[in-house]
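This report covers a surface patch, a run of paired strands and the cysteines of one protein model. The sequence and structure come first.

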Amino acid sequence: NKIFAYVPKLTYLREMKIEVERTLDDGTRIKGVAERPFYYKTQTSVTTVVGRPEPDNNNVPTVGGDFSSATIGAPFAICLDDEGNIFIVERDFGGQNGVNGIQSPKDDKGDNVSSNLLLANTEDQEMLVLRYGTSHANAPAFSTEEGNEAVYIPEDAGLYYYQLLKSLSYSPRHRSLILDEDSRTVLESNWKYSFVVNEEDHMVYTVMYRGQLVRFNPVTRNIEVLLDNVLPDLPNARSGANGSNCYVIFSPTDPNTLYICLEDYNMISRVNIADLEGKDKSTYKGEFYAGNSIHAGPVAGHGWEDGLLENAKFAMPKQIAFTDDGKLYIADTGNHCIRVIDTTVPKERATVSTAVGLPQNPGFQDGGPELAKFDRPTGVAVSSDGSEIYVADNGNHVIRKLSVE
């Protein structure tokens, strides 16, 4: 009395009508339609992909090799290319990140370094060290521009960044931005924490620590300041100054809307870059989108709380990533969990929920959402088909995978 059927993946937001039809021996065709629609039930499971979990070891060297033997000292931020390769940036925060226990990267001898650049080949199940001991590097981005596919990795301070062209087997090239009269001061006492590539204009975008929204052409390397300061006019939660580590991503459902995670303000904002004409670049800040900090301030807004966007609390959230259906995943570092927002829901009804991880309860455990634990997750990225979310689990020294079915 049961019918078993294969159903397509990633359509769990939809309902399905069930129709059954058969032809009898005499040629009579019988057809039935189920009285009730079939609804998808979403299941999330967490597995460890690369690295060996060592939550109590602060001295893990970074050593390449197959996925079962490779070790990662301090995975921080990640991105994926169109073939499922995982690019991993390790970096040192010098104990100033505001969350106790953030790990520092090592080389293969166990000596402290500022950053390492890694590539995890998911097809060959092998992790390669692209370069040990770079200057402080931050959250990478992949460009799908035809003929110019590449990974771009920001260097913390100054003019420099790394370009890893797919045509050159992702060998890191140290590149410099080119400033003009309008942008010549933008890098002074400033830092770039995250890159993202807009799929329509193929420009690289970032929000600086001091709040400037800038972009540059990866071919000419010329930099342009779009907005002078997208930060709230408030002192941040960490130092009491005006500034924030900012992590950026474009929406797949609205490709010109840039979402910005303001770590030091425990909140998320957004800007439509196609709607800047006529806006005063010195005063326009876009729209503050999620986080209790919008109303209560960054200190009172620090913590954990799910619910409506205006009520939700974060604790030093870092890298953010989108699935194709408009779900925004957030590495909520201080709460040791992954949060999610369905951005296709109107702002007044949208909510923040905990996708996986036990809030404010660090540890290591694979499994379903009721069991899985993280320890200071800092990075998050999504596979090209949107079915898998990868997490840089800093405190556990591993890359994890969330499979959503």
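## Surface patch, strands and cysteines

Ile-18 has a relative accessibility of 33%, so Ile-18 counts as partly exposed. The model is a predicted one. Ile-18 sits in the loop that links strand E1 (15-16) to strand E2 (19-23). Together with Ile-3, Val-7, Val-20 and Phe-38, Ile-18 makes up a nonpolar surface patch with about 410 Å² of accessible area in total.

Further along the chain, strand E17 pairs with two strands. Strand E16 (residues 204-207) runs antiparallel to E17 (residues 213-216), and 4 bridges join them. In this pair, Val-204 is opposite Phe-216 of E17. E17 is also antiparallel to strand E18 (residues 223-227), again through 4 bridges, and here Leu-213 faces Leu-227 in E18. Both pairs are hairpins, as listed below.

| Hairpin | Residues between strands | Residue with positive phi |
|---|---|---|
| E16 and E17 | 5 residues | Gly-211, about 100° |
| E17 and E18 | 6 residues | Arg-221, near 70° |

The structure has 0 disulfides. Cys-79 is in none, and the nearest cysteine sulfur, in Cys-261, is 17 Å away. Cys-79 has 7% relative accessibility and therefore counts as buried. Why is Cys-246 not bonded to Cys-261? The sulfur of Cys-246 lies 8.3 Å from that of Cys-261, its closest cysteine sulfur, which is too far for a bond, because a disulfide requires the two sulfur atoms to be within 2.5 Å. Cys-246 also counts as buried, because its relative accessibility is 1%.

Technical notes. Residues are numbered from 1 along each chain as its sequence is written. This is a predicted model: local features need pLDDT of at least 70, side-chain atom pairs count only at pLDDT 80 or more; totals for chains, interfaces and linings use all residues. Side-chain values use heavy atoms; hydrogens and water are left out. Patches are made of residues with over 30% relative accessible area and no salt bridge: like charges are joined within 9 Å, nonpolar side chains (Val, Leu, Ile, Met, Phe, Trp, Tyr) within 5 Å. Accessible areas come from the Shrake-Rupley method with a 1.4 Å probe; for residues, only the protein chains shown count as cover. A salt bridge is a side-chain nitrogen of Lys or Arg within 4 Å of a carboxyl oxygen of Asp or Glu. Buried means under 20% relative accessible area, exposed over 50%, partly exposed in between (1.4 Å probe, protein chains only). Two strands pair if DSSP finds at least two bridges between them.
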